[in-house]
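These exercises ask you to read helix packing and backbone geometry from a structure. Keep the sequence and the 3D view open while you work through each solution.

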Amino acid sequence: MQPPSDCMVDYDPNALSVEEALRRIDTDIQPLAETEKVALSECLGRVLGEDIISPLNVPAYANSAMDGYALRGSDIPASGMRELHMIGTAWAGTPFAEPVEPGECVRIMTGALLPQGADTVIMQERVERQGDKVQIDSRNKPGQHVRRAGEDLAAGQIVMHTGKLLRPAELGVLASLGIAEIVLKRTLRVAFFTTGDELCSLGEPLSPGKIYDSNRYTIAGMLRRLGVTVIDLGIVRDRREDIARAFTQAASVADAIITSGGVSVGEADFVKETLEALGQVSLWKIAMKPGRPLAFGKIENSIFFGLPGNPVSAMTTFYQFVQPALQRLMGQSATSNHLIKVPCVSRLKKAPGRMEFQRGKLERDAGGQLTVRSTGEQGSGILSSMSQADCFIVLPVTSGDVEPGNWVEVQLFEGLV
């Protein structure tokens, strides 16, 4: 098969597109069904396991949206001024017990129960007061500055659906409903290990040909930010029996297994053949850079991802494939990594044929326009490029070189990582 054009120098007819790889992974994953009940204070970052139906109105009663004066809207003059008699004060938590009659008003604080008969609040900055005499004018409207009962949430309303990720705002909403315990999806268990005879653990002296195992720490960090239970199986040497033992151990305790290294075509890359012996695997070449080799499959009841060994490749493939897969497995509602378009101030080298995820840094120019700049060298072993960056510059398959001033799409790390 010939490439679609002579300019597609990075084209590989056997490589899947990023979109097709994501589709296949999504098709093969079913969310966990198990749930558990958890105290609200421990629910941040967890996934809701059942619909939440409001047991009451929020707010539970009509109340003032600001400090001011509660009165009947019919007392607002069509023009000019009108004098009202102030008969008392309504505090938040201490209601004013008497009804408000025509020609009367009550001093009211933000959040206080609206007194009987009153239906309007005028902010304190729009009145003139002398003792218990309050002057109002025609600038005001009946019904203003009042929070109606059930205005935010109505009793019986579905407030949140199964699969909702609980952030601080969701915890506040649930607390406002008086809900102390929540049914959540069970916490996902993820086992991981790194492979390679060249890897050293921290604290060991480096001998010739050895490197410290950075992937172990980046993978663990990415997993912990997802709120999963992390099972670190350490470094596994490039021996078939060791890799097989690690996979068997991982599959016995985890819902998902992640490795780095051993998925390319080297003579000592045993991950693929071990997986084929123990489970079902698709070894893909992905039409992307960095991160072409990626393995995905199943061992017993666990899903598996084999990430490349190069550190930037491992992180990039994690964020593009593993993170959304784990979110789906833990039952989280569909998420998407939103892209924004900005001008690029750097010249970027790229050959058509693969989607690229170059590392970038967002800035504002002298006119306040948001722009993106390359972090520099983009090699898959330059882990510092991820530390210096705050976004991926996402260049599509058909894109060639980018000149300064060209608009590009960026994928923000914040919210992604």
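The model shown here is a predicted one.

**Exercise 1. Find where helix α6 is kinked, and decide how far the helix is enclosed by the rest of the structure.**

Begin by following α6 along residues 311-329, and look for the place where its direction changes. The kink is centred on Phe318 and amounts to about 45°. Next, turn to accessibility, where a residue counts as buried when its relative accessible area is under 20%. Of the 19 residues of α6, 17 are buried, so the helix is largely enclosed by the rest of the structure. Finally, look just past the end of α6, where Gly331 has a positive phi of about 90°.

**Exercise 2. Describe how helix α1 packs against helix α6, using the angle, the handedness and the residues that meet.**

Two packed helices are described by the angle between their axes and by the distance between the axes. The axes of α1, which covers residues 18-28, and α6 come within 10 Å and cross at roughly 25°. An angle under 35 degrees counts as roughly parallel, so α1 is roughly parallel to α6. The crossing of these two helices is right-handed. For the residues, α1 contributes Val18, Ala21, Leu22, Ile25 and Asp26, which meet Gln320, Phe321, Pro324, Ala325 and Arg328 of α6. Sorted by character, the residues of this contact comprise seven nonpolar, one polar and two charged. To see why the positions in such a list are spaced as they are, recall that an α-helix has 3.6 residues a turn, so residues three or four places apart point the same way.

**Exercise 3. Decide whether Ile29 is buried or exposed, and name the residues in contact with Ile29 beyond its sequence neighbours.**

First place the residue: Ile29 belongs to the loop between α1 and β1, the latter being residues 35-39. With a relative accessible area of 0%, Ile29 is buried. Once neighbours within four places in sequence are set aside, the contacts of Ile29 are Phe296, Ile303, Ala325, Arg328 and Leu329. As a last step, compare sequence with space: Ile29 and Lys298 are separated by 269 residues in sequence, yet their C-alpha atoms are 9.9 Å apart.

**Exercise 4. Work out how α4 and α5 are oriented towards each other, and which residues make their contact.**

The axes of α4 (residues 240-253) and α5 (residues 271-278) come within 10 Å, and the angle at which they cross is roughly 50°. This angle makes α4 oblique to α5. The handedness of the crossing is right-handed. On the α4 side the contact is made by Arg240, Ile243, Ala244, Phe247 and Thr248, and on the α5 side by Val271, Glu273, Thr274, Leu275 and Leu278. These residues divide into six nonpolar, two polar and two charged.

**Exercise 5. Locate the cis peptide bonds before Pro59 and Pro290, and the positive phi values of His145 and Glu300.**

Most residues other than glycine have a negative phi, and most peptide bonds are trans. The bond from Val58 to Pro59 is cis, with omega near -5°, and Pro59 lies in the loop between β2 and β3. Lys289 and Pro290 are also joined by a cis peptide bond, with omega about -5°; Pro290 sits in the loop between β19 and β20. Turning to phi, His145 has a positive value of about 60°, and its relative accessibility of 26% makes it partly exposed. Glu300 has a positive phi near 55°, and at 58% relative accessibility Glu300 counts as exposed.

Conventions. Residues numbered from 1 in each chain as written. Predicted model: local features only at pLDDT ≥ 70, side-chain atom pairs only at ≥ 80, totals over all residues. Heavy atoms only, no water. Axes fitted to C-alpha atoms, helices over the stretch in contact; angles between N-to-C directions. Helix = DSSP H or I, 4+ residues; strand = E, 2+ residues; numbered from the N terminus. Parallel < 35°, antiparallel > 145°, perpendicular 65-115°, else oblique. Left-handed = near helix turned anticlockwise from the far one by under 90°. Contact = heavy atoms within 4.5 Å. Nonpolar A, V, L, I, M, F, W, Y, C, P; charged D, E, K, R; others polar. Bend = angle between axes of the 7 residues up to and from the residue. Buried < 20%, exposed > 50% of the residue type's maximum accessible area, 1.4 Å probe, protein only.
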